[in-house]
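The following exercises concern burial, core packing and helix crossings. Each task is followed by a solution in steps.

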Amino acid sequence: MEDLVTSIRGLLEHRAVTHADRPAIIQGDKTLTYSELFADINAHSRQLKALGVQRGSRVGIHLRKSTEEVVATLAIASLGAIFVNINYQWTEIQIRHVAADCGIRLLITDVIKMQMLEPWLEEKPFDHILVVDGKNISE
């Protein structure tokens, strides 16, 4: 009898080994296999950890519903950190409130929203901001 896997990370790791080439996420014409998904989660987790994200840290995710959002969510969760999904349609005022109320120290967003938030971001409300541009995430 196989050991019971009790975490999302454990389930994904198991699928990455047993069903490596099967589709995990399909978004339009883009397909991510389980092995690719697990590799992306690990890479993003390492990047977040290098920026000081640890168990209990609060990380804001301000992205459209996408593969990148799923990877960010799972990378944050795999570190035991808390992901705070911020509705992509919210205004700057709403985002400011949630960020302050939740104690978000790192924000993951995209180029479009980064430009919208730029005046506020000059006040340095976060320790770090990661910008998603396709598959890459940069600070």
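**Exercise 1.** Determine in which helix Val17 lies and whether Val17 is buried or exposed.

*Solution.* In this predicted model, Val17 belongs to helix α1. The relative accessible area of Val17 is 69%. The cut-off for an exposed residue is over 50%, and Val17 is therefore classed as exposed. As to its spatial relation to Phe38, the two residues are 21 residues apart in sequence, and their C-alpha atoms are 9.6 Å apart in space.

**Exercise 2.** Identify the residues with the most contacts inside the largest nonpolar core, and state which elements each supply at least two residues of this core.

*Solution.* Step one: the largest nonpolar core comprises 24 residues, and Leu48 and Ile108 have the most contacts inside it. Step two: at least two residues of this core come from each of α1 (8-18), α2 (34-50), β3 (58-62), α3 (67-78), β5 (106-110) and β6 (128-133). Step three: with neighbours within four places in sequence set aside, the contacts of Ile108 include Leu48, Val59, Ile61, Ala72, Ile76, Leu130 and Val132. Gly60, His62 and Leu63 are also among the contacts of Ile108. Step four: a second, separate core has 13 residues, among them Val84, Ile86, Val98 and Ile104. As a general background, nonpolar side chains in soluble globular proteins tend to be buried together.

**Exercise 3.** Describe how α2 and α3 are packed, giving the angle and the distance between their axes.

*Solution.* Step one: the axes are 8 Å apart, and the packing angle is about 60°. Step two: α2 and α3 are therefore oblique to each other. Step three: the crossing in which α2 passes α3 is right-handed. Step four: α2 contributes Leu37, Asp40, Ile41, His44, Ser45 and Leu48 to the contact, and these meet Val71, Leu74, Ala75, Ile76 and Ser78 of α3. Step five: by class, this contact consists of 7 nonpolar, 3 polar and 1 charged residues.

**Exercise 4.** Carry out the analysis for helices α4 and α5, starting from the angle at which their axes cross.

*Solution.* Step one: the axes of α4 (residues 92-102) and α5 (residues 111-121) cross at roughly 60° and come within 11 Å. Step two: α4 and α5 are therefore oblique to each other. Step three: their crossing is right-handed. Step four: Glu92, Ile95, Arg96 and Ala99 of α4 meet Met116, Leu117 and Trp120 of α5. Step five: the contact of α4 with α5 has 5 nonpolar and 2 charged residues, and no polar residues.

Technical notes
Residues numbered from 1 in each chain as written. Predicted model: local features only at pLDDT ≥ 70, side-chain atom pairs only at ≥ 80, totals over all residues. Heavy atoms only, no water. Core = buried A, V, L, I, M, F, W, Y, C linked by side-chain atoms within 4.5 Å. Buried < 20%, exposed > 50% of the residue type's maximum accessible area, 1.4 Å probe, protein only. Helix = DSSP H or I, 4+ residues; strand = E, 2+ residues; numbered from the N terminus. Contact = heavy atoms within 4.5 Å. Axes fitted to C-alpha atoms, helices over the stretch in contact; angles between N-to-C directions. Parallel < 35°, antiparallel > 145°, perpendicular 65-115°, else oblique. Left-handed = near helix turned anticlockwise from the far one by under 90°. Nonpolar A, V, L, I, M, F, W, Y, C, P; charged D, E, K, R; others polar.
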